[in-house]
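Dear colleague,

I am handing over the structure below, together with some notes on what turned up when I went through it. Please read them with the coordinates open beside you.

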Amino acid sequence: MSTVILLRHGKSTANGSGILAGRSPKVNLDDTGRAQAEKLVERLDGVPLSGLVVSPMLRCKQTVGPLAAARNLEKTVEPGLSEVDYGDWTGKELKHLAKEPLWRVVQAHASAAVFPGGEGLAQMQARSVAAVRAHDRRISAAYGDHAVWRLGSHGDVIKSILADALGQHLDAFQRIVVDPASISVVRYTETRPFVMRVNDHGGDLRGIVPPEPKPEGKPKRGKKAASSSDAVVGGTTGP
């Protein structure tokens with residue numbers, strides 16, 4: 001299995017106005033978001049990418065645009081990674097939504113939260129995790145387990161993917177912070193995912209790139225070759 005860079009879209013016009021954009025059409029990046037999108041080209045310098053998979057929302061496509069152009073990569077649009085369908089909450093101010101009884105459910109018992117006229121957070125997690133794992137299998141099959149690919153999506157969607165990778169119940173996913181234009185990294189393996197970075201705003205990401213696979217030698221008698229799914233006892237020694 002391969003390594004996926006989870007990128008939240010850059011700061012949008014809705015982020016700056018305190019509006020829950022949801023799936024509202026034509027929500028663009030603001031000036032800060034466009035600058036963040038341009039900076040991604042530099043941040044990912046030295047990181048080979050085997051694919052770009054992105055939510056169908058405009059702000060996500062705009063965020064990956066400069067990187068796709070710089071690397072000459074096609075964007076694969078994935079509906080399973082789209083923003084939460086917030087239903088009747090879409091387009092409303094967060095300060096007013098915070099007074100709704102459902103707000104407390106979203107905060108403390110997310111797996112039970114279903115937005116009026118929209119979808120539930122558990123439903124969102126199921127379709128987003130299924131999407132990321134399906135694309136990871138596809139890219140691994142095409143490019144090998146050392147491949148790195150980039151996924152562009154939304155805050156709650158990425159938090160739910162990280163919660164799954166951490167083996168954490170969805171009810172605790174609000175403990176995870178995913179800022180606009182932040183990068184989180186998950187390496188999927190045969191038996192477990194490894195969460196390598198969360199909400200990263202740094203510049204150098206070369207350390208997430210796995211080494212090229214070495215030719216397989218014959219294991220010593222009585223010993224089994226180490227599995228890439230095994231955690232390093234005592235902690236890793238770094239890249």
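How many helices and strands does the secondary structure of the chain come to? The model is a predicted one, and in it the chain has seven helices and six strands, which follow one another from the N terminus in the order β-α-α-β-α-β-α-α-α-β-α-β-β. Of the 239 residues in the chain, 44% are buried, and the area that the chain exposes comes to about 12400 Å², with 52% of it supplied by carbon and sulfur atoms. If one takes the contacts between residues at least 6 apart in sequence, 71% of them join residues that are at least 24 apart.

The pair of helices H2 and H3

Helix H2 spans residues 31-43 and helix H3 residues 58-71, and their axes come within 8 Å of each other, crossing at roughly 35°; the crossing is right-handed. On the H2 side the residues that meet H3 are Ala37, Glu38, Leu40 and Val41, and on the H3 side their partners are Gln62, Thr63, Pro66, Leu67 and Ala70. By character, the residues of this contact divide into six nonpolar, two polar and one charged.

Cys60 also lies in helix H3, and with a relative accessibility of 2% it counts as buried. Apart from neighbours within four places in sequence, Cys60 is in contact with His9, Val54, Ser55, Gly152, Ser153 and His154. Its C-alpha atom is separated by 8.7 Å from that of Leu29, although the two residues are 31 apart along the chain.

Loops ahead of H1, H3 and H4

Ser12 sits in the loop between strand E1 (3-8) and helix H1 (13-17). Is Ser12 buried or exposed? Its relative accessible area is 1%, so Ser12 is buried, and once neighbours within four places in sequence are left aside, Ser12 is in contact with Val27, Asn28, Leu29, Asp30 and Arg59.

Pro56 belongs to the loop between strand E2 (52-54) and helix H3. Unlike a buried residue, which has to fall under 20% relative accessible area, Pro56 has a relative accessibility of 29% and therefore counts as partly exposed. Not counting residues up to four places away in sequence, Pro56 touches Lys61, Val77, Glu78, Pro79 and Ser82, and its C-alpha lies 9.1 Å from that of Gly80, a residue 24 places apart from Pro56 in sequence.

Asp85, which is found in the loop between strand E3 (75-77) and helix H4 (94-97), is likewise partly exposed, at 24% relative accessibility. Leaving out neighbours within four places in sequence, the contacts of Asp85 are with Arg23, Phe115, Gly117, Gly118, Glu119 and Arg127. The C-alpha atoms of Asp85 and Pro116 are separated by 9.6 Å, while the two residues stand 31 apart along the chain.

Helix H6

One of the contacts of Asp85, Arg127, is among the buried residues of helix H6. This helix runs over residues 121-143, and its 23 residues reach 32 Å from the first C-alpha to the last, close to the 33 Å expected at 1.5 Å a residue. The buried residues in H6 are Leu121, Met124, Gln125, Arg127, Ser128, Val129, Ala131, Val132, His135, Asp136, Ile139 and Ser140. Just after H6, Gly144 takes a positive phi of about 100°.

Positive phi outside glycine

Which value does phi take at Ala181, a residue other than glycine? It is near 65°, and thus positive; Ala181 lies in the loop between helix H7 (155-165) and strand E5 (183-188), where it is buried with a relative accessible area of 5%. Asn199 also has a positive phi, near 55°, but its place is within strand E6 (residues 193-200). With a relative accessible area of 17%, Asn199 is buried, since the cut-off for that class is under 20%.

With best regards

Methods. Residues are numbered from 1 along each chain as its sequence is written. This is a predicted model: local features need pLDDT of at least 70, side-chain atom pairs count only at pLDDT 80 or more; totals for chains, interfaces and linings use all residues. Side-chain values use heavy atoms; hydrogens and water are left out. Helices (H or I, at least four residues) and strands (E, at least two) are DSSP runs, numbered from the N terminus. The expected span of a helix is 1.5 Å times one less than its number of residues. Buried means under 20% relative accessible area, exposed over 50%, partly exposed in between (1.4 Å probe, protein chains only). Contact means heavy atoms within 4.5 Å. Accessible areas come from the Shrake-Rupley method with a 1.4 Å probe; for residues, only the protein chains shown count as cover. Axes are lines fitted to C-alpha atoms, for helices over the stretch in contact, and angles run from 0 to 180 degrees between N-to-C directions. A crossing is left-handed if the near helix is turned anticlockwise from the far one by less than a right angle, and right-handed if clockwise. Ala, Val, Leu, Ile, Met, Phe, Trp, Tyr, Cys and Pro count as nonpolar, Asp, Glu, Lys and Arg as charged, and the others, Gly among them, as polar.
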